[in-house]
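Student: I've got the sequence and model open, and I'd like a close look at one side chain and who it sits against. Could you then walk me outward from there to the rest of the model?

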Amino acid sequence: MQTHALGPVRAARRPLRTGLFSIAALFAAAAVRAAELPRWLQLPEGVSSYSARIDGMFRLILWITGIVFVIVEAMLLYFLFRYRHREGRKATYTHGNNRIEVIWTIIPALICVVLALLSRRTWADIKQNMPANALPIEITGEQFSWTIQYPGADGKFGTPDDIVSLNQLHFPVGRPVVATLRSKDVIHSFFLPEFRVKQDAVPGMSTRIWFDGMRTGHWEIACAELCGLGHYRMKGVPAKPTPPLKPGRN
Amino acid sequence: MSTVAVAHEHAPGVHAAPTSFWRKYIFSLDHKVIGKQYMFYALFMLIVGGLLAILVRWQLAWPTKAIPFMGKLAPEGMPGGHMLPEFYNSLFTMHATIMIFFAIMPILIGAFGNFVVPIQIGARDMAFPVLNMASFWTAVPGAVVIIWSFFVTGGAAAGGWTSYAPLSAIQPKGQTLWLIALLILGLSSLLTSVNFITTIINMRAPGMTFFRMPLTTWALFITAILLLLALPVLSGAMIMLLFDRVLGTTFFLPAGLVVSGQPLKNAGGGQALLWQHLFWFFGHPEVYIMILPAMGITSEVLPVFSRKPVFGYRAMAYSMIGIAGLGFIVWGHHMFQSGMNPLLGTTFMISTMVIAVPSAIKTFNWLGTLWGGSIRFTTPMLMALSFVSMFVIGGLSGIFMASTPVDIFIHDTYFIVGHIHYVLFGGSLFGAFAGLYFWYPKMFGRMMNDTWGKVHWALTFITFNLVFFPMHFLGMRGMQRRIYTYTEYEHLKDLQPMNQFMTLSLFVLGAAQVILVVNFFLSMRRGKVAGPNPWRANTLEWQTPSPPPHENFTEIPTVYRGPYEYSAPERADDHWPQSEPPSGPVRASAH
């Protein structure tokens, strides 16, 4: 066993190459099969214009973490089997290898930074850049209901033609809605799972979000932030558009 | 003047062996006794926290089904055995609070830290034995107050373990006791952290350089620094919240609050999000406070039972330092959907993605440690291996929520609950179990039964995954955390069978812990006598009798080498104690 000093370096190279190759192959397979993940590995149906982007990011991370998971756990199990104690075999004496440390520092760092950069754009489009021509609405949370206010025909809030609904969100199909979220008492979180919308409603703050629904359906609004004993029943429904909210009307 | 004279005569931490029962077992200054006290404290609270979890999961599996005997035990929260929503909120709040602050931290830091660190560095005791005793006896009233809070009007705190204001400012009295209990416990942890830092810096045996310290000691050193820097922020925030509740201040109460139709008196000028910033500035380092010691224990156990030096010792130490530093600039990832400026969310996403790297390095180094080893599957080893494999899941699932757009969907869902349990149970608790089986012979002088240990491991490992892995799927379906009945929602109704399966698995998981408790107590009397070094390990705690005598060593050892010199090629023996002089037996037989 004179190869102690060099052994790990040499031994490390081949599995590394094989590993990188198999990762690339798996990614290729992933790209081909991306749309065909089984139902239980997907988020619920998405009905907003940006839901596909969130789901795409989710799918990408699922593939990457899934592959890393399989490789790491497989290596773990293989090592446990391969290097189990047997009489007469002594463990390899090594304190590690700086080269391989650098490799397994840089690769995860690159993957993570790329994921952050990919996420950044989607995040900015969803939470920072508000679309033009959106319908403004106001959503106010309180223990334990959602009040949703529409500006009415004049497009302004605080005028007599405002429309108020309780726990019912009417939205114009296909047109973005910019909602100003507020809370009267404690923090609530406006959660529309199928729209991929979640935003806390914080007392003392006005938070603007936007979303759109490409079609109508039977969905529910949930509160995602613990807000007291009735938190579990603080729900509402996104409903079909009412006459004053028809698409294209300002 | 006399104290000065005494200080000159004795090394720090040295005190006479106690003779009375009280000074020996109750108000002991001995770090080993204090470590054991913390262990019993933590195991008791672990049972309490586990029972609360069973009630939580009962409600999730059978939302309308009564538990008759609970109607007698908790008539206010569960009249006739039917759980009320506010009681449910108390249950998960207290489950998390007790597990995090009263079980996991005390067992990892209080029990193993206290017992192991001074012996591992070759010291006679902690630097400040009286402070050490004070830390433990400060933690006790903390536990008393938190349990007492169940019995006050309105029940225990019900605002979640994160206690977001303003909800936590307007909750019933239990929330005040929650704050007082955690303030007391925070003081105890601060005393402990100062003691650890001082001990590790000043009291290492001759030759014990920083880079010859065992990784458990490294981990606890960094944990103590994190505690020292993070806890005062939590304490400050909790004092502010306490003032909001009892003195009428408005640190977290903005103007115009209307609660149940009534304007809240005095509200105005405060900020709700301020609590979250302060809480998570502590809360994220806290996550590492709970995982670093378990990482240290794993790094200790893997080389011993692989009979191989730890792979990348320095990378292990540096990655822990990296985690500690980065841990202070990632807190905003808990607040992506809070209304915090979304641009700030992007910066926190980047720092969060970066903090995944040191954890990845550690995982790869653990694999590297196993590579080429001669692996013995003892119970502590199985627990440490479980730590590695489960921590991988907890770490990888964290990447989903680090990505801001993905977090929009999974934030505050069961996906998060699954993630935190893979880190804190799959990680911290398996690490604690590894430490328990590993150091038990040192603590009590006898071995735990290995067969029953393996049964305990197998049942725990399997049922742990059956309980917690499905949580990811619940979250992916959009099931929010902290809801009393998800069956209220049409889109979540069909999740009930999965929830029932998880609860049934938890019953087995809970029952499996009885094996541990029985094994723990029976082995104290019936276990095989361990001898000083049953695992043939290198670190200093194994070079002294089990249990170690008062002041740990008959003579302070001198350290000649690193802690993990296993299977050195020039030696026939596969272990090489840190304190064995270099001129020692080179070709001596193994036994």
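**One side chain and its neighbours**

Tutor: Leaving out residues up to four places away in sequence, B:Y41 touches B:F102, B:P106, B:F136, B:A139, B:V140, B:A143 and B:L185. Contact here means heavy atoms within 4.5 Å.

Before we go on, some ground rules. This is a predicted model, where local features need pLDDT of at least 70 and side-chain atom pairs count only at pLDDT 80 or more, while totals for chains, interfaces and linings use all residues; side-chain values use heavy atoms, with hydrogens and water left out. Residues are numbered from 1 along each chain as its sequence is written, and chains are lettered from A and ligands numbered from 1 in the order in which they are written.

Back to the tyrosine. B:Y41 belongs to helix α3 (residues 31-61) of chain B; helices (H or I, at least four residues) and strands (E, at least two) are DSSP runs, numbered from the N terminus. B:Y41 has a relative accessible area of 9%, so it counts as buried. The cut-offs are under 20% for buried, over 50% for exposed and partly exposed in between, with a 1.4 Å probe and protein chains only. If you want a distance to check on screen, go from B:Y41 to B:V117: they are 76 residues apart along the chain, and their C-alpha atoms are separated by 19 Å.

For another buried spot, try B:H472, which has 5% relative accessibility. This histidine lies in helix α16 (residues 450-476) of chain B. With residues up to four places away in sequence set aside, its contacts are B:I393, B:S397, B:F415, B:G418, B:H419 and B:Y422.

Now zoom out to the chain that holds both residues. Chain B has 17 helices and two strands. Its radius of gyration is 24 Å, close to the 25 Å that the globule rule gives for 591 residues, so chain B is as compact as a globular protein of that length. That radius is taken over C-alpha atoms, and the rule is 2.2 Å times the number of residues to the power 0.38. Along the principal axes, the C-alpha atoms of chain B fill a box of roughly 80 × 60 × 50 Å.

Burial is widespread here: 67% of the 591 residues of chain B count as buried. Among contacts in chain B with a separation of 6 or more, 78% are between residues 24 or more positions apart. The chain exposes about 19,600 Å², with carbon and sulfur atoms supplying 70% of it; these areas come from the Shrake-Rupley method with a 1.4 Å probe, and for residues only the protein chains shown count as cover.

Next, the charges. Chain B carries 32 positive and 22 negative side chains, and the centres of the two sets lie 5 Å apart. Lys and Arg count as positive and Asp and Glu as negative, with His and the chain ends not counted; each charge is placed at NZ of Lys, CZ of Arg, CG of Asp or CD of Glu.

Side chains of opposite charge can pair when their charged atoms come close. A salt bridge is a side-chain nitrogen of Lys or Arg within 4 Å of a carboxyl oxygen of Asp or Glu, and the count comes to 16 over all chains. One of them joins B:R536 to B:D573, with the closest N and O atoms 3.7 Å apart. These partners are 37 residues apart and link distant parts of the chain, though both sit in the segment after α17 (496-526) of chain B. B:R536 is buried at 19% relative accessibility, and B:D573 is buried at 10%.

B:R571 and B:E580 form another, where the closest N and O atoms are 3.0 Å apart. B:R571 is buried, with a relative accessible area of 5%, and so is B:E580, at 17%. These four residues belong to a network of salt bridges that also takes in B:R307 and B:D574.

Finally, hop over to chain A, which has three helices and ten strands. From the N terminus on, its elements run α-α-α-β-β-β-β-β-β-β-β-β-β. Of its 250 residues, 47% are buried. A salt bridge in chain A pairs A:E138 with A:R182, the closest N and O atoms being 3.5 Å apart. It links distant parts of the chain, 44 residues apart: A:E138 is in strand β1 (residues 135-142) and A:R182 in strand β5 (residues 177-183). A:E138 counts as buried at 17% relative accessibility, whereas A:R182 is partly exposed at 29%.
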